[in-house]
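Q: I am new to this structure. Please show me how to read its features.

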Amino acid sequence: MARITASVYTSHVPAIGAAIDQGKTTEPYWVPLFKGYEYSKQWMKENKPDVIFLVYNDHATAFSLEMIPTFAIGTAAEFTPADEGYGPRPVPKVIGHPQLASHIAQSVIQDDFDLTIVNKMDVDHGLTVPLSLMCGEPQAWPCPVIPFAVNVVQYPVPSGRRCFMLGQAIRRAVESYDEPLKLQIWGTGGMSHQLQGPRAGLINAEWDNRFLDRLIADPEDLSKVPHIDYVREAGSEGIELVMWLIARGAMADVAGGKPPVVKHRFFHVPASNTAVGHLILENSQ
Amino acid sequence: MALSKPYLDVPGTTIFDAEQSRKGYQLNQFCMSLMKAANRARFKADERAYLDEWPMSEEQKQAVLARDLNRCIALGGNIYFLAKIGATDGKSFQQMAGSMTGMSEEEYRSMMIKGGRSIEGNRVVGEDGDAQAHRQPQGQAGKAGRA
């Protein structure tokens with residue numbers, strides 16, 4: 001059967017993608033940030049998965065206000081990096097895994113989560129920046145990726161509780177797939193940031209670090225945090241952090257297994273307007 | 001019974017909920033049209049004429065022409081959509097976010113490097129943090145205005 005070996009959590013700030021694409025990673029502003037991902041790139045090489053299940057949000061790129069799916073799973077054979085108004089990022093196209101993605105869709109929908117199935121979709125920085133941070137600048141991404149887009153643009157976004165339960169359903173779906181594939185599940189976005197209004201630029205490092213502590217040690221309790229706490233404490237765009245609970249819900253300990261091993265933890269302020277957080281959790285063997 | 005909206009008392013913050021989305025539908029879809037290079041070129045050539053192709057309110061059109069992002073948001077705009085105007089103008093997300101605070105680009109960038117805006121005094125309307133209504137605009141612009 002297929003199984004989830006690890007989960008990765010990271011912010012997906014567009015300016016990080018621009019810094020990589022424009023060769024600015026050695027500038028003093030960016031050095032501390034990229035240093036925080038050196039371990040991660042090495043870890044990725046040593047622990048290459050067969051498939052990445054990548055939870056992210058679309059930023060008014062593939063989905064306008066014409067359609068706003070709460071949860072959308074990409075079942076296409078490939079996904080093109082989007083032109084977000086500055087021209088597409090010069091990164092490899094994203095190869096999907098239609099067979100596994102369709103299997104997960106069927107299982108998760110029968111498990112009471114009404115996913116939108118997407119067979120044609122461009123992917124924006126929410127998906128490609130985490131790939132760049134974890135894999136560097138390869139000619140091709142190391143493995144197929146299943147994009148999983150969550151609405152965090154129009155309120156209300158799904159609750160932390162529902163995201164956490166969805167992660168558990170994804171884990172059950174993966175484990176009912178016959179082929180012995182190793183999967184990683186990534187949760188992206190956040191941490192504290194606000195991009196609008198007179199409160200733009202808000203950062204709450206203390207709240208972010210407590211979020212990381214609780215995500216590791218007591219995600220069940222963390223999943224009960226209501227939307228308003230994210231908005232008030234971590235900024236209007238900090239609510240992206242609910243997506244991390246999808247990845248965390250898919251880990252073995254939530255289903256009665258052993259607690260995960262914390263392989264890496266990193267926090268840095270700022271990347272543009274945002275506090276950057278990053279974790280790698282491995283399931284115990 | 002009315003919907004519960006506990007987020008209305010967060011200072012300097014507009015949550016893009018169903019009501020805002022309804023109000024801003026045409027404005028945001030106009031922004032979305034700027035994802036195409038040909039539309040960006042037409043908009044840049046004659047902004048007013050391009051805006052007149054959209055069934056937006058006059059107030060929304062004026063807010064776009066003035067690049068007043070706070071006003072755009074009050075009229076139903078969402079920052080991820082409004083960002084397409086910024087991209088058309090060649091502005092970064094940091095420049096766009098900063099423009100809504102009244103600070104200069106340099107002041108805003110410096111605030112971020114120092115760890116960002118503090119949460120203290122900025123959780124609930126009526127406190128005394130720098131995002132509160134009585135402290136706008138921020139930075140030198142505000143000092144000059146209140147002097």
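Q: Which residues touch the most other members of the largest nonpolar core?
A: A nonpolar core is a set of buried Ala, Val, Leu, Ile, Met, Phe, Trp, Tyr and Cys residues joined through C-beta atoms within 7 Å. Buried means that 20 or more other C-beta atoms, placed from the backbone, lie within 10 Å of a residue's own. Here the largest such core has 120 residues, and A:Leu54, A:Ile170 and A:Met243 touch the most other members. Helix H6 of chain A (residues 160–175) gives the most to this core, with 8 residues. Helices are DSSP runs of H or I, at least four residues, and strands are runs of E, at least two, numbered from the N terminus.

Q: How far should I trust the model?
A: This is a predicted model, in which local features need pLDDT of at least 70 and side-chain atom pairs count only at pLDDT 80 or more, while totals for chains, interfaces and linings use all residues. Residues are numbered from 1 along each chain as its sequence is written, and chains are lettered from A and ligands numbered from 1 in the order in which they are written. pLDDT is the predictor's confidence in each residue, from 0 to 100. For chain B the mean is 94, and 98% of its residues reach 70 or more. The model scores ipTM 0.95 and pTM 0.97.

Q: How many residues does each chain give to the contact?
A: Two residues are in contact if their C-beta atoms, placed from the backbone, lie within 7 Å. Chain A gives 34 residues and chain B gives 46. On the side of chain A that touches chain B, H9(A) gives the most, with 4 residues.

Notes:
A residue is buried if 20 or more other C-beta atoms lie within 10 Å of its own, exposed if 12 or fewer, and partly exposed in between; C-beta atoms are placed from the backbone.
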